[in-house]
Amino acid sequence: MKMMSICLASKASKNPFEWNPNAIRITEEYFKNKFLAIAGHGSSGKTETLAVAAIGEFLASPENTGILVTSTTLSESRQRIWGRIEYYWQEACDFFGGEDNMPGELVSSSGKIGCRIGAKRDNTKGITLVPGRESEVKEGIGRMKGFKADRLRLIGDEFSDLSHKLLEAAESNLFLNEDFKMAVAFNPNSHFDPAG
C-alpha cells in the first residue's frame, strides 16, 4: 500500500502523519461506530491516529464540538496523546498560515485548545486534556462534570491504565449527550481493567 501524508502537515514537516493500514482501519471504524475500543501492541499507530481524529473532529465544527482527551497523568499525557495533539495542531497552524487563521488557540500549560472564532472565545468548546490515572482522577472527573457540547467526544489513550472511576463518570454524565462518540486505545492487559 502506498503511504500518503495527511494535509495536517506542512510541506516542511519533518514528521508528517502517514496513513498506514492500521490508521486507515481505525479511521474507518471510528466513523462507523459510536463506541470504539482499539486494542493493539505498542507503536501500532493507535495514539497517533486518535490525535489526528481529535483535531479533525474539532476542525469539522469548532463552535459545536467539545473533545475530552484522557490518558494517564497530565505530565505523562504530554509524552503521549496530548503531545501528538499539540504537534499536529501546530502543523495545522503552519499549514493554514498561523494560529490566527485557526478556530482555536492552544494553551499548552492548561492542556487545552480553546475555541476561538474571530475575537470571540468559547472555552466550553475545543479540546481538553483530562487526567485519568487513579492518582489524578478526581481532577479528571472535575474537568468532565457538566461538560456539554452539541458534538461531544471522549478519546482515551492508555485506557487499560486508567481509573474505573473515570469511566463511571463518563457513563453517568457524558453518555447522555445526544451526539456523543467515544474511542479508546490500549495495550490489552486484563478483562477487568477499564478497557476490558
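1. In this predicted model, Ile-67 of strand E2 has Ile-127 as its bridge partner in strand E5. That contact belongs to a wider pairing: E2 and E5, the latter covering residues 120–131, run parallel and are joined over six bridges.

2. Strand E2 also pairs with strand E6, which spans residues 151–156; the two are parallel and six bridges join them. Within this pairing, Thr-70 is placed opposite Gly-156 of E6.

3. The burial of E2 deserves attention. The strand comprises residues 65–71, and seven of its seven residues are buried. Cover is found on both faces: one side carries Thr-65, Ile-67, Val-69 and Ser-71, the other Gly-66, Leu-68 and Thr-70, and all of these are buried. Ile-67 and Thr-70, named above for their bridge partners, thus sit on opposite sides of the strand.

4. Charged contacts form the next topic. Side chains of opposite charge can pair when their charged atoms come close. The structure contains 10 salt bridges. One of them connects Arg-151 and Glu-57, with 2.2 Å between the closest N and O atoms. Arg-151 is part of strand E6 whereas Glu-57 is part of helix H2 (residues 46–60), so this salt bridge ties together parts of the chain that lie 94 residues apart in sequence.

5. Are the two partners of this salt bridge, Arg-151 and Glu-57, buried or exposed? Arg-151 has a relative accessible area of 16% and is buried. Glu-57 is likewise buried, its relative accessible area being 5%. Both values fall under the 20% cut-off for burial.

6. Glu-57 takes part in a further salt bridge, with the side chain of Arg-153, at an N to O distance of 3.0 Å. This pair, too, links distant parts of the chain, Glu-57 in helix H2 and Arg-153 in strand E6, which are 96 residues apart. Arg-153 is buried, as is Glu-57.

7. A separate point concerns Glu-86 and Arg-78, whose side chains meet in a salt bridge with an N to O distance of 4.0 Å. Glu-86 counts as buried because its relative accessibility is 14%, whereas Arg-78, with a relative accessible area of 29%, is partly exposed.

8. Which residues are joined into one network by salt bridges that share partners? They are Glu-57, Arg-151, Arg-153 and Asp-179. Glu-57 was described above as a partner of Arg-151 and of Arg-153.

Conventions. Residues are numbered from 1 along each chain as its sequence is written. This is a predicted model: local features need pLDDT of at least 70, side-chain atom pairs count only at pLDDT 80 or more; totals for chains, interfaces and linings use all residues. Side-chain values use heavy atoms; hydrogens and water are left out. Buried means under 20% relative accessible area, exposed over 50%, partly exposed in between (1.4 Å probe, protein chains only). Helices (H or I, at least four residues) and strands (E, at least two) are DSSP runs, numbered from the N terminus. Two strands pair if DSSP finds at least two bridges between them.
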